[in-house]
Amino acid sequence: MADESYTTSTSTSHLLGSVPAVIAEEKNTTNHEVPYANMQTFPPNNGGDRGQGYQTLGSPTAFGQQPTNNWQGVFNVSSYTQYFNVDTDVVISRLISSLNPVGDDFFSKIDANPDLYGLIWISTTLVFVLALLGNLATYLMQKQADNTISWSFDVSYVNTAAWSIYGYVIVVPMAYYFFLQYMGSNANLIRFWCMWGYSLTVFIMSSFLLLIPVGILRWIIIILTGVGSASFVALNLRSFIEGNDLSVAVIAAFFLQIALAIFIKVWFFA
């Protein structure tokens, strides 16, 4: 009787509501298995085992820290997003600070979150301002000298402004970074780029004043602008390398800003 009951229960296992027997199957996880909701850290670890890809939270490398000798992150745009994590209030505060050379230490303000947004935005704005207002200033000066002279927009101002401003604001901080590293100072390239980028703010404002078609007044304006920007750079650089005998580097940074101001006056507002 027991055998008959057992046979009946097994033969009706396909009916609705019955529980099918559990069959253990070996799952193939060789090629197409992808971990679910696997949070990633950046940048990817390309050294050693290529099969690891992005490191997970369980890996020894902490979140936000790059593995050593991983140079691919330098050429990956995503690795720079942290330097654009600023809002409008922060940018405006740093713009105002750059206009006050004797104010608080700029490096102390950006220490927790140096940004490259100001570098790119201010430099690009200055490039187009110099190209546009430089042409307009040339037009005003020519019309003041001789109203019959024909005038046309000089497109070469854009190229000159681009290579000079971008070249200056990228190369000069890099040169100081490598020099101070060589001299044993704990330099930081991102902070240097940030500081030199914001130092160009005053040139944008003074460019509108340089439209005044009076030669001597233009020179006064550009010299005051250069001194203000140079003082901002030199004073902050001095506080950064305080304790080291690198006064020559501070003086050189001051006169480099003055040279930039004179170049802007001679080339765009002659």
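Trainee: Where in the chain does Val214 lie?

Mentor: In this predicted model, Val214 lies in the loop between α7, residues 201-209, and α8.

Trainee: What makes Val214 count as buried, partly exposed or exposed?

Mentor: Its relative accessibility is 37%, and since buried means under 20% and exposed means over 50%, with partly exposed in between, Val214 counts as partly exposed.

Trainee: Which nonpolar patch on the surface includes Val214, and what area does the patch have?

Mentor: Val214 belongs to a nonpolar patch on the surface that also includes Leu209, Trp219, Ile262 and Val266, and together the residues of the patch have about 1,000 Å² of accessible area. The elements that give two or more residues to this patch are α8, residues 215-240, and α9, and the largest share, seven residues, comes from α8.

Trainee: How do you know whether Val250, in helix α9, is buried or exposed?

Mentor: Val250 is found in α9, which spans residues 247-268, and its relative accessibility is 12%; because the limit for buried is under 20%, Val250 counts as buried. Leaving aside its neighbours within four places in sequence, Val250 is in contact with Ala234, Leu237, Arg238 and Ile241. Of these, Ala234 is 16 residues away in sequence and 5.3 Å away in space, C-alpha to C-alpha.

Trainee: Why can the buried residues of α2 be said to line one face of the helix?

Mentor: The buried residues of α2, a helix of residues 88-98, are Val91, Arg94, Leu95, Ser97 and Ser98. Seen down the axis of α2, these buried residues fall within an arc of 160°, so they line one face. The face turned away from that buried side carries the exposed residues Thr88, Asp89 and Ile96, while the cover over the buried residues includes α3, α4, α6, α7 and α8.

Trainee: Why is the pair of Asp115 and Arg94 called a salt bridge?

Mentor: The closest N and O atoms of Asp115 and Arg94 are 2.3 Å apart, and because the rule asks for a side-chain nitrogen of Lys or Arg within 4 Å of a carboxyl oxygen of Asp or Glu, the pair counts as a salt bridge. Asp115 lies in the loop between α3 and α4 and Arg94 in helix α2, so the pair ties together parts that are 21 residues apart in sequence.

Trainee: How do you know whether Asp115 and Arg94 are buried or exposed?

Mentor: Asp115 has a relative accessibility of 0% and Arg94 one of 5%; set against the limit of under 20%, Asp115 counts as buried, and Arg94 counts as buried.

Trainee: How many salt bridges does this rule give, and which residue pairs with Arg191?

Mentor: The count comes to two salt bridges, and Arg191 pairs with Asp111, the closest N and O atoms being 3.1 Å apart. Arg191 lies in helix α6 and Asp111 in the loop between α3 and α4, so this pair ties together parts that are 80 residues apart in sequence.

Trainee: What makes Arg191 count as buried or exposed, and what of Asp111?

Mentor: Arg191 has a relative accessible area of 15%, which is under 20%, so Arg191 is buried. Asp111, at 45% relative accessibility, falls between the limits of 20% and 50%, and therefore counts as partly exposed.

Definitions and conventions: Residues are numbered from 1 along each chain as its sequence is written. This is a predicted model: local features need pLDDT of at least 70, side-chain atom pairs count only at pLDDT 80 or more; totals for chains, interfaces and linings use all residues. Side-chain values use heavy atoms; hydrogens and water are left out. Helices (H or I, at least four residues) and strands (E, at least two) are DSSP runs, numbered from the N terminus. Buried means under 20% relative accessible area, exposed over 50%, partly exposed in between (1.4 Å probe, protein chains only). Contact means heavy atoms within 4.5 Å. Patches are made of residues with over 30% relative accessible area and no salt bridge: like charges are joined within 9 Å, nonpolar side chains (Val, Leu, Ile, Met, Phe, Trp, Tyr) within 5 Å. Accessible areas come from the Shrake-Rupley method with a 1.4 Å probe; for residues, only the protein chains shown count as cover. The arc is that of the directions from the helix axis to the C-beta atoms.
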